[in-house]
Amino acid sequence: MKTRGYVAHAPRTELVPFEFERRELRAHDVAFDVLYAGICHSDIHQAREEWGPSLFPMVPGHEIIGVVTALGAQASRFEVGERIGVGVFVDSCRSCEHCRNGLPQYCTAGMTPTYNGHERDGSTIAFGGYCTEFVVDEDFAVHVSESLDPAGAAPLLCAGITLYSPLRHWRAGPGKKVGIIGLGGLGHMGVKFAHAMGADVTVFSHSPQKEADALALGADHFIVTSKDASWAEAVERYDLIINATSADIDLNPYLRLLDLDGTLVIVGLSGVPVQIHQSLLLEARRSIGGSQIGGMTELQEMMDFCAQHDITSQVEVVSADYINQAWGRTVASDVKYRFVIDAATF
Ligand code: NAP
Ligand code: ZN
Ligand code: ZN
């Protein structure tokens with residue numbers, strides 16, 4: 001299937017228009033026309049090899065919303081014309097303990113990423129969502145309510161689930177104090193979800209100009225971390241703090257703000273190892289955890305939660321020829337709060 005998109009041919013080069021072939025439908029596949037694809041900071045990290053060597057040519061994009069156009073002979077979960085979403089992975093081994101328990105994002109054999117990896121045959125390059133058409137196994141796609149704005153729904157597939165999953169796992173809710181570090185694509189979804197779950201929400205941001213937006217998104221408090229270090233002297237005690245920044249920041253001040261048995265969860269992935277003062281863990285039995293996106297069941301649960309609570313991402317819709325500028329602005333934390341590409345412009 002002929003597909004138009006944008007590609008990085010090598011690390012740190014600009015993205016350019018690209019035509020490629022998608023696989024023909026297999027029995028359990030679904031084909032869809034892409035409507036919108038979100039720009040995640042992970043697209044930039046990988047195209048610039050900030051996490052190590054990447055696979056090129058790379059068509060990035062793992063926040064994909066579309067409309068189903070065709071079904072494989074045995075595909076039964078979707079209907080033609082239905083709205084569909086695909087996130088960060090498109091397959092997994094399906095047989096390991098984690099896959100059997102509905103946690104394919106932690107597949108012990110490694111999930112198949114939507115791009116920057118091979119399909120399970122070990123040789124076909126997986127191409128992501130910065131394009132016009134997509135083909136996916138029906139078990140790795142979710143139903144998306146027509147009530148959600150499709151552009152605003154696209155970032156739910158990565159930014160949304162990456163915050164929803166740890167907020168659920170560490171039980172954000174009424175009576176819990178939750179901190180979100182970094183009001184970017186991930187962080188602003190964390191604010192919306194933690195607020196909807198009933199937690200008291202604080203945003204820690206190095207961008208003072210984001211205060212009004214943070215409060216409008218549902219934050220109860222906003223703390224600027226870039227002026228001086230006095231914010232770190234607060235006596236506030238948090239149950240859960242999630243680091244959603246893309247940068248190499250000092251996490252020690254945040255550990256100090258955790259209550260007894262509090263947890264710092266890392267979802268931001270700068271690629272730089274972190275240094276921690278052990279005493280900050282010991283003195284209040286604090287923990288550090290990590291969390292990676294979410295499984296297919298949880299992704300559908302989050303989509304339904306969003307339809308129920310009318311939650312989407314706050315987006316700036318751009319055309320394909322703006323992708324390189326959008327990447328530059330994302331790195332500069334200059335986006336409110338997620339760029340989404342209109343696939344009609346590829
Ligand atoms: P983003 O939209 O660029 O947001 C990152 C935020 O980090 C910025 O808005 C900014 O917030 C803060 N920040 C940026 N530079 C900073 C600096 N020098 N010092 C302090 N804060 C800084 O990125 P994103 O798409 O949300 O992704 C965030 C990170 O999560 C990336 O590393 C990405 O790869 C990773 N990620 C992980 C998963 C997972 O499964 N765990 C999934 C998706 C993405 P303020 O302006 O408010 O300070
Ligand atoms: Zn992502
Ligand atoms: Zn597995």
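How many of the eleven residues of α4 are buried? Nine of them are, and the helix is mostly covered. The model discussed here is predicted. The buried residues of α4 are Ala159, Gly160, Ile161, Thr162, Leu163, Tyr164, Ser165, Pro166 and Leu167. Several elements contribute to their cover. Among the helices are α5 (185–196) and α9 (296–309). The strands include β10 (177–181), β13 (238–243), β14 (258–266) and β17 (338–342). Just after α4, the backbone of Arg171 adopts a positive phi of about 60°.

The zinc site comes next. Three protein donors serve the zinc ion (ligand 2): the SG atom of Cys40, the NE2 atom of His62 and the SG atom of Cys158. These donors lie 2.0 to 2.2 Å from the ion. Along the chain, their spacing reads C-x21-H-x95-C. His62 and Cys158 link distant parts of the chain, being 96 residues apart. His62 sits in the loop between α1 (41–47) and β4 (64–71). Cys158 sits in the loop between α3 (150–153) and α4 (159–169). His62 has a relative accessible area of 4%, so this residue is buried. Cys158 is buried as well, because its relative accessible area is 5%.

The loop that holds His62, between α1 and β4, has another feature. Pro57 is placed in this loop. The peptide bond from Phe56 to Pro57 is cis, with omega near 0°. A cis bond also runs from Lys336 to Tyr337, where omega is near -20°. Tyr337 belongs to the loop between α10 (323–331) and β17. Strand β17 is also among the elements that cover the buried residues of α4.

The domain assignment divides the chain into two parts. Domain 1 takes in 2–157 and 313–345, while domain 2 spans 160–290. Their C-alpha centres are 27 Å apart. Across the boundary, 13 residues of domain 1 are in contact with 18 residues of domain 2.

Empty space inside the protein was then examined. Rolling a probe the size of a water molecule over the atoms shows where empty space is left. A search of the whole structure finds one cavity of 30 Å³ or more. The largest cavity has a volume of about 50 Å³. Its lining comprises Gly87, Val88, Phe89, Phe140, Leu157, Ile161, Ile293, Gly294, Met296 and Leu299. Eight of the lining residues are nonpolar, two are polar and none is charged. Ile161, one of the lining residues, is also one of the buried residues of α4.

The second largest pocket encloses about 350 Å³ of space. Its lining is made up of 23 residues. Nearest the centre of this pocket lie Arg23, Arg26, Val90, Glu119 and Val135. Strands β2 (16–21), β6 (89–91) and β8 (133–137) each provide at least two lining residues. Strand β8 supplies the largest share, with four residues. By type, the lining of the second largest pocket holds eleven charged, eight nonpolar and four polar residues.

Helix α9, part of the cover over α4, contains Asp304. Asp304 is partly exposed, with a relative accessible area of 42%. Glu236 is 68 residues from Asp304 along the chain, and their C-alpha atoms are 33 Å apart. Beyond this helix, Asp310 falls in the loop between α9 and β16 (315–318). Asp310 has a positive phi near 55°, although the residue is not glycine. Its relative accessibility is 60%, so Asp310 counts as exposed.

Arg285 likewise has a positive phi, near 45°, in a residue other than glycine. Arg285 is in the loop between α8 (278–282) and β15 (287–290). With a relative accessibility of 55%, Arg285 also counts as exposed.

Methods. Residues numbered from 1 in each chain as written. Chains lettered and ligands numbered in written order. Predicted model: local features only at pLDDT ≥ 70, side-chain atom pairs only at ≥ 80, totals over all residues. Heavy atoms only, no water. 1 Å grid on protein atoms, 1.4 Å probe; cavity = no way out; pocket = protein on both sides within 12 Å on 5 of 7 lines; lining within 4 Å. Points joined across faces, edges and corners; volume = space filled by probe spheres on them. Nonpolar A, V, L, I, M, F, W, Y, C, P; charged D, E, K, R; others polar. Donors = N, O, S within 2.8 Å, 3.2 Å for Na, K, Ca; no water. Buried < 20%, exposed > 50% of the residue type's maximum accessible area, 1.4 Å probe, protein only. Domains from an automatic or database assignment. Contact = heavy atoms within 4.5 Å.
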